[in-house]
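Dear colleague,

I am handing over the structure below, and after it you will find my notes on what turned up when I went through it. Please read them alongside the coordinates.

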Amino acid sequence: MSYLKFDKTLMINLQESLSREILRSNQMGAYHCTTIVDCNTRKYHGLLVMPVPGMGDENHVILSSLDETVIQHGAAFNLGLHKYQGDSFSPNGHKYIREYSMEMVPRTIYRVGGVVLAKEKIFLRRVNIILIKYTLLDAHSVTTLRFHPFLAFRSVQELSHANDNINRHYDEVKNGIKTSLYPGYPELFMQFSKEVKYVYDPNWYNGIEYPKEQERGYPYQEDLYVPGYFELEIKKGESVLFCAGDKEVETDTLQELYENESYLRTPRSSFYNCLVNSAHQLYYNPKDNDSYLLAGYPWFKVRARDLFVSVCGTTLLIGREDRYENVMHTAVAALYRFIKEGKLDPVIREIDSPDILLWAMWSMQQYSLKAGVGKAKEKYNDIIGEIIRYILSQSHPNLKLSDNGLLYSNGRDKAVTWMNSVVNGRPVVPRSGYIIEFNALWYNALKFYKELNDNVPMDRIDSLIASLDMSFPSTFVNKYNYLFDYVDGPEQDWSVRPNMIIAISCKYSPLTKLQKRAVLDIATKELMTMKGLRSLSPKSGGYRPNYAGSQYDRDMAYHQGTVWPWLMSMYISAYLDMFGRAGLSFVERSLISIEEELSLHCIGTVSELYDGNPPFAGRGAISFLMNLSAILTVIDMLKKYDIEYK
């Protein structure tokens, strides 16, 4: 039985099925994303969504969808599904679905009278091509399949509207056609594995709606162009493949190509395998010498903080040390350019944020914990030393070393931490001054650098560590025995936030065990949920647990009570350090709660954030790098206690 399987009852219930999405990527920036009933509910959805060189860095929806029609005895049964105005859905193809599963590849079974049709989709790696395999499992008479392609040719940030400027021309190619609607776009090749009849019958389908965009307060209505339709006969037991991409293919090889790609897939046969599969989706390797991690789908790009926080968990911990080293090779080169020349990287965004250098050193420390101190020193000692010297020289524009050894950053006018939501150009959470995780990471980095160079005298580093042993607790530990979120002159932020967990999860900390225990206790009481840590305690002023409504409402709630799973690994690291085996049952219950999410939002992966109050609904990006890394890290922690997830 498939680990991820949905029956007819759920599939025909649109309230349930439309909330479940699927994602496949090609590690080159392109992807396929829709719902499990193949009804697009976002402007980001599409069968083929890909970068277009020369047209900005946003992806573009080329082929929005493909409507299949089963024809028997002259009667046509359309399997497609689109939403139109007034909660009207047409042509209601979901009512023919009998089951849906996605162990190796997404597979839908339709029953139309005596016809049983299987549809399987696979998005090829390293090329912008999607394959759809149709297999006629049962039929009592001659069966014809008809296919209507819905074309968009627009940015994921825009919507298409009926116009007279489109290029209606097409050329025939082997078992299909090629066409491009607008200048600057590549041609879309649509081909089949057998001879097919193409009928030119151009039409605009007007008023298709995307309810997820409507929920988010964005424009949500679009017109899509259908140039005509393909038609072919299919016999019982026969398989036919459809191919859509930006290159022509040899149609005789489609079956072999499909089988080879299927063989390479990580099966979604368990909780752990789903996480590994999803981590693969976020690996981004557009060029042979450049490797990155995308922060999430469908709208995030490469972000420096997300990359450094997540690279160990989503590469090294799943047996891909090669990917860790490739990503870090690219990232370290970008760090050097920033430190030496002040240049920002064109792909890795926000590398100039003041905490990025600190997270980079933390990431290299995570590597040392798995690969060994000697190997970490060989690979990363030079860049760590360079970063520390850069900070000590006061060269960073917004990270200044104070006489007490603490780092100061101005975040009043511009968001400088991971809590980076902005309204009207101003940070919603203006964390400024001595920021708790900045200084926890700073202390940890200095001690780690000492560990890498244990036989080398470092008077300046020793002096700084001694200063921080005094100044860190005296600055951040308050009278209620938790940690201020930031301190800026006389201003002390008393909000109970999860950033203090970072301070007690680092390998090296200036806090005593009793101080760590006090922090852990209050985080457990006020922040911890079974989906992760709240970004703000319900007892703190301004608590807004629900990430919903307009852009303004969502921005105001983004870090004011919503739950973030990525912090779970740091909390559990501190928890297990404190309680050891006695804490295992709690950790396993937390993982069970996360595992439930794999079948609720984007199938097989984890959402960006969750509401702060029950039922903790998943929100934001449908697959989020930092969360995947955190959960994989927790699973790796359990190996120490002989608990394996496979």
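**Aromatic pairs and a buried arginine**

Y434 has a relative accessible area of 17% and is therefore buried, since the cut-off for that class is under 20%. Please bear in mind that this is a predicted model, and that the values below are computed from it.

The ring of Y434 pairs with that of Y408 in an edge-to-face arrangement, with 6.0 Å from centre to centre and 85 degrees between the planes. This pair links distant parts of the chain, as Y408 belongs to strand 24 (residues 407-408) and Y434 to strand 27, 26 residues apart. Unlike its buried partner, Y408 has a relative accessibility of 29% and so counts as partly exposed.

A search of the whole structure gives 37 aromatic pairs. Among them is the pair of F153 and Y185, whose ring centres are 5.5 Å apart and whose planes meet at 80 degrees, so that this pair, too, is edge-to-face. F153 lies in strand 13 (residues 143-155), whereas Y185 is in the loop between strand 15 (176-179) and strand 16 (188-192), and the pair therefore ties together parts that are 32 residues apart in sequence. Both F153 and Y185 are buried.

Ring pairs also join a set of residues into a cluster, which consists of Y44, W299, F300, W359, W362, W418, Y547, Y558, W564, W566 and F624. One of these cluster members, F300, has R303 lying over its face, at 4.3 Å from the ring centre. A comparable entry in my notes concerns R323, whose charged end sits over the ring of Y283 at 4.1 Å from the centre of that ring.

The remaining notes concern R431, which is found in the loop between strand 26 (426-427) and strand 27 (434-435). Is R431 buried or exposed? With a relative accessibility of 1%, R431 counts as buried, because that class takes in residues under 20%. The side chain of R431 makes a polar contact with the side chain of D485 at 2.6 Å, and another with the side chain of T417 at 3.1 Å. Leaving aside residues up to four places away in sequence, R431 touches G411, V416, T417, M419, I436, E437, D485, Y486 and N499, so that list includes both of the polar partners just named, T417 and D485.

With best regards

Methods. Residues are numbered from 1 along each chain as its sequence is written. This is a predicted model: local features need pLDDT of at least 70, side-chain atom pairs count only at pLDDT 80 or more; totals for chains, interfaces and linings use all residues. Side-chain values use heavy atoms; hydrogens and water are left out. Helices (H or I, at least four residues) and strands (E, at least two) are DSSP runs, numbered from the N terminus. Buried means under 20% relative accessible area, exposed over 50%, partly exposed in between (1.4 Å probe, protein chains only). A polar contact is a pair of N or O atoms within 3.5 Å; within protein, one must be able to donate a hydrogen and the other to accept it, and residues adjacent in sequence count only if both atoms are side-chain atoms. Contact means heavy atoms within 4.5 Å. Rings of Phe, Tyr and Trp (its six-membered ring) pair if their centres lie within 6.5 Å; planes under 30 degrees apart count as stacked, over 60 as edge-to-face and the rest as tilted. A charge sits over a ring if NZ of Lys or CZ of Arg is within 6 Å of the ring centre and within 35 degrees of the ring normal.
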